[in-house]
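This briefing covers a helix and the aromatic pairs of the structure shown below. Please read it alongside the sequence and the coordinates.

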Amino acid sequence: MDKGYEKEQFEGLKIKSSVAKKFRAYCKVISKSQSMGLLAMLDFFEIHELSPTDSIDGNLRAIEIRIKKRINNAIAIIKSIEQSQTLPTAAMLQALFEQQLEHEDDDDYLGEHLEFIEKKFEHVEAGEEKLMEEYTVPKIRYERLEENMARLRADFGYVLGKVKTVNSPFGKGYLKLEITPEELEKYKRTIKNS
């Protein structure tokens, strides 16, 4: 007997015989009585706010994977916004405050707020350096550029690891790149956005 429903009467439903056979077979698979099988299905639809007419592309695991990918994409977009919009604004405000405040010449202050100077040379020849312009680069931008360089080096090392030499019997050998099209598109986007 079904627990909690022992005293209830049975009702008859008008169901086509082929549908009834399919339903009975399904209830045997899930090891439930027909009443409990139908109740479990109804509870599932109510809990997950689904309609039997709704279409689900693939199984629930595939849907979960797609949702996680979308969440990861949203996180990547937010991180990109933080790096390209929020941090430069914070760096500009910090630079403004540093100009207004006078600090003592102690080593801790110099170590924390050291700015790097980038020099551009017009002609670099043997022993001759003609200074064209001088730029001050904020420390935060310098650190971000170092992180990007490390990431690009790692990606480049990975791609170089996927290059294989193929010897052809009919001419010169060639190099074969063994990465997926998705990885290739990811690297193209990375380089375009850098």
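In this predicted model, Y187 is buried, because its relative accessible area of 11% falls under the 20% cut-off. Y158, with which Y187 forms an aromatic pair, is partly exposed at a relative accessible area of 33%. Two aromatic pairs are present in the structure, and they are taken up in turn below.

**The pair of Y158 and Y187**

- The rings of Y158 and Y187 are tilted with respect to each other, with 6.5 Å from centre to centre and 45° between the planes.
- Because Y158 belongs to helix 5 (residues 139–161) and Y187 to helix 6 (residues 181–193), this pair ties together parts that lie 29 residues apart in sequence.

**The pair of F44 and F45**

- F44 and F45 make an edge-to-face aromatic pair, in which the centres are 5.8 Å apart and the planes stand at 70° to each other.
- F44 counts as partly exposed because its relative accessibility is 34%, which lies between the 20% and 50% cut-offs.
- F45 likewise counts as partly exposed, with a relative accessibility of 27%.

**Helix 2 and the residue after it**

- Helix 2 runs over residues 34–47 and has 14 residues, so that at 1.5 Å a residue a span of 20 Å is expected, and this agrees with the 20 Å that separates its end C-alpha atoms.
- The expected value is obtained by taking 1.5 Å times one less than the number of residues.
- Just after helix 2, E49 adopts a positive phi of about 50°.

Notes
Residues numbered from 1 in each chain as written. Predicted model: local features only at pLDDT ≥ 70, side-chain atom pairs only at ≥ 80, totals over all residues. Heavy atoms only, no water. Helix = DSSP H or I, 4+ residues; strand = E, 2+ residues; numbered from the N terminus. Phe/Tyr/Trp six-rings, centres within 6.5 Å; stacked < 30°, edge-to-face > 60°. Buried < 20%, exposed > 50% of the residue type's maximum accessible area, 1.4 Å probe, protein only.
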